[in-house]
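Student: I am new to this structure. Please take me through one strand closely, and then show me what surrounds the picture.

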Amino acid sequence: MVESLQQAKALVIDANHNARMLIVAHLRELGVGTVRAVTRSREARLALEATSYDIVVCDNDFGEDEESGQALLDELRREQVLPQSTVFIMVTTDASYAAVAGAAEAALDVYLLKPYTLASFSERLQQARHRKQVLRPIFEAMAAEDYERACTLCLQRFAQRGEYFLSAARIGAELLLRQKRNAEARELYEAIIAARTVPWAKLGVARAEYAAGQLQQARQTLELLVGEMPDYADGWDVLGRVQMDEGHLDEALRTYQQALTLTPGCLLRAQRAGTLAFYAGHRAEATRLLEGAAASGLRSRLFDYFSLVLLALIHFDEGETKKLRQLLETFDHLLFQHPDSPRLTRQRWAVQALLALRENRLGEAQEQAQRLARALEQPDADLEVGVLVIALWRRVQDAGGPLGEAEAVVQRLALRYCVNKASTEVLVAMAEGDRTVAELLRGAHDRVFEIAEQALTLSLRGRPEQAVHLLAEQGESTRNAKLIDMAMSVLRRHAAKIGQRQALEDLVRDLQARWVLPISGSLARAKAGKALAVPATTRGPAVENTIV
């Protein structure tokens with residue numbers, strides 16, 4: 001083992017000096033070549049974002065002011081910061097069943113109860129590294145982004161009940177969801193439950209239902225799950241996404257607050273709850289959560305800069321000019337680091353406009369508002385741009401600065417971004433009581449669904465080609481991702497009945513390439529380009545990564 005560990009890198013995370021030094025000594029005695037130690041979970045997050053480690057040894061308890069090691073692990077796994085090949089060892093004094101079960105659900109490799117011996121530490125580490133070695137072909141395929149092969153290897157190991165077949169099945173189900181093979185993912189999760197009942201598999205069934213658009217079924221599955229396991233934070237997390245997609249902002253807020261109560265140091269959940277508190281009009285709660293997230297995680301890749309824009313809106317409404325200047329300086333610094341980020345540039349325009357309004361420079365504020373409106377014409381403009389346009393324009397108009405064609409701009413962005421009830425209600429929330437804007441938004445939502453229903457009726461009556469033409473024409477006109485994706489779905493389902501199939505498919509593919517933004521994990525995007533805090537994607541479930 002000494003030879004196999006000479007090239008390994010290890011990170012030790014423990015607030016207690018003596019315990020930290022003991023673990024470092026153990027690792028070095030076992031032959032680990034590079035060992036680094038940190039004392040706080042936030043330092044660990046930054047270290048893991050910057051460097052890949054082969055072994056992580058983490059204490060579970062960092063005190064009341066820090067998130068637990070369990071919460072840190074959940075967040076790192078969920079946001080794909082921690083490679084599958086990394087061995088994660090949790091060290092704790094908590095021997096309760098709840099703690100052990102919770103750790104198992106996070107795909108933990110080793111759970112060590114204090115006090116422990118060097119021999120037990122070495123044995124458990126060897127076992128974990130053996131598991132990584134057995135599953136190595138799967139991890140290598142994933143690292144090469146050959147997800148089809150990785151999935152096949154997982155399914156083969158599960159079918160053959162090979163060594164670590166449940167671990168392989170869990171990875172395979174995640175890959176099926178990533179590839180939009182939702183029915184297959186659900187079948188696999190149900191097969192896992194049949195083999196051995198585990199909460200993460202029940203959650204997987206709900207996630208597959210959610211990804212397939214079966215919101216009512218997903219909600220029922222999740223409500224049963226959190227009823228059985230009220231301490232299962234991930235269950236509350238996904239339930240909040242479903243409630244958000246249903247347009248129930250206050251209900252989703254309560255759910256995310258429950259998840260945050262279980263993991264008070266979780267940066268992502270703090271931002272999600274803070275953002276929903278803003279949408280729901282609970283500004284004091286939004287301020288508390290978003291300022292806390294900024295104070296603890298601004299340097300982290302998991303921090304979403306949209307949280308700062310929401311704080312800017314709050315500071316503007318409260319007349320906090322000094323805080324607005326500080327936020328503008330923050331965005332200047334961020335843009336110096338990421339000068340080519342369109343998203344950061346647009347966010348800075350919004351903050352600059354708010355400061356200009358507060359300092360009675362109405363013309364400058366109007367100019368920035370117009371800039372944001374023009375950005376709506378860009379293919380990379382997402383729901384966040386629409387949110388900023390509505391929030392900023394309402395404040396410019398309240399300050400006495402009329403904006404030409406405001407109604408027409410709102411109508412265009414509404415037809416583009418009202419892909420479901422969630423995105424519609426978020427935009428309505430940003431209108432903050434403006435009935436005219438709210439009516440335009442909800443009217444656009446109804447129009448989009450009328451078009452979808454017309455196409456569905458045509459398809460059911462044996463006229464799928466006409467349905468595809470309708471969806472493609474309206475999708476091109478509105479740039480609405482729901483209609484464009486629906487056109488491709490109808491086209492593929494009824495390919496044999498469509499005469500000009502290839503020409504239509506080329507047309508719809510072109511529309512998708514131009515106006516349908518891809519969904520990816522938040523850390524798959526660049527730091528300055530991700531969107532966690534609003535349902536910023538314009539396709540599929542509106543709150544997949546933040547999600548909201």
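Tutor: One term comes before the strand: a residue is buried when its relative accessible area is under 20%. Keep in mind that this is a predicted model.

Now take strand β4, residues 87-92. Six of its six residues are buried. In a regular strand, side chains alternate between the two faces of the sheet. In β4, V87, I89 and V91 lie on one side. F88, M90 and T92 lie on the other. Both faces are covered.

Next, the partners. Strand β3, residues 55-59, pairs with β4 in the parallel sense, over five bridges. Strand β5, residues 110-113, also runs parallel to β4, joined by four bridges. Follow M90 in both directions. Its bridge partner in one pairing is C58. In β5, M90 stands opposite Y111.

Now step back to the nonpolar cores. Nonpolar side chains tend to be buried together in soluble globular proteins. Here the largest nonpolar core has 128 residues. Among the members that touch the most others are I13, Y279, L308 and M430. Leaving aside neighbours within four places in sequence, M430 contacts F278, Y279, L310, L313, V387, I390, A391 and R394. A second, separate core holds 43 residues, including M142, C151, L177 and Y210.

Last, confidence. The protein averages a pLDDT of 86, and 90% of the residues score at least 70. Helix α17, residues 306-317, has the highest mean, 97. Helix α5, residues 97-105, has the lowest, 50. Over residues 519-548, pLDDT stays under 50. The model still has 110 contacts beyond four places in sequence for that stretch.

Technical notes
Residues are numbered from 1 along each chain as its sequence is written. This is a predicted model: local features need pLDDT of at least 70, side-chain atom pairs count only at pLDDT 80 or more; totals for chains, interfaces and linings use all residues. Side-chain values use heavy atoms; hydrogens and water are left out. A nonpolar core is a set of buried Ala, Val, Leu, Ile, Met, Phe, Trp, Tyr and Cys residues joined through side-chain atoms within 4.5 Å. Buried means under 20% relative accessible area, exposed over 50%, partly exposed in between (1.4 Å probe, protein chains only). Contact means heavy atoms within 4.5 Å. pLDDT is the predictor's confidence in each residue, from 0 to 100. Helices (H or I, at least four residues) and strands (E, at least two) are DSSP runs, numbered from the N terminus. Two strands pair if DSSP finds at least two bridges between them.
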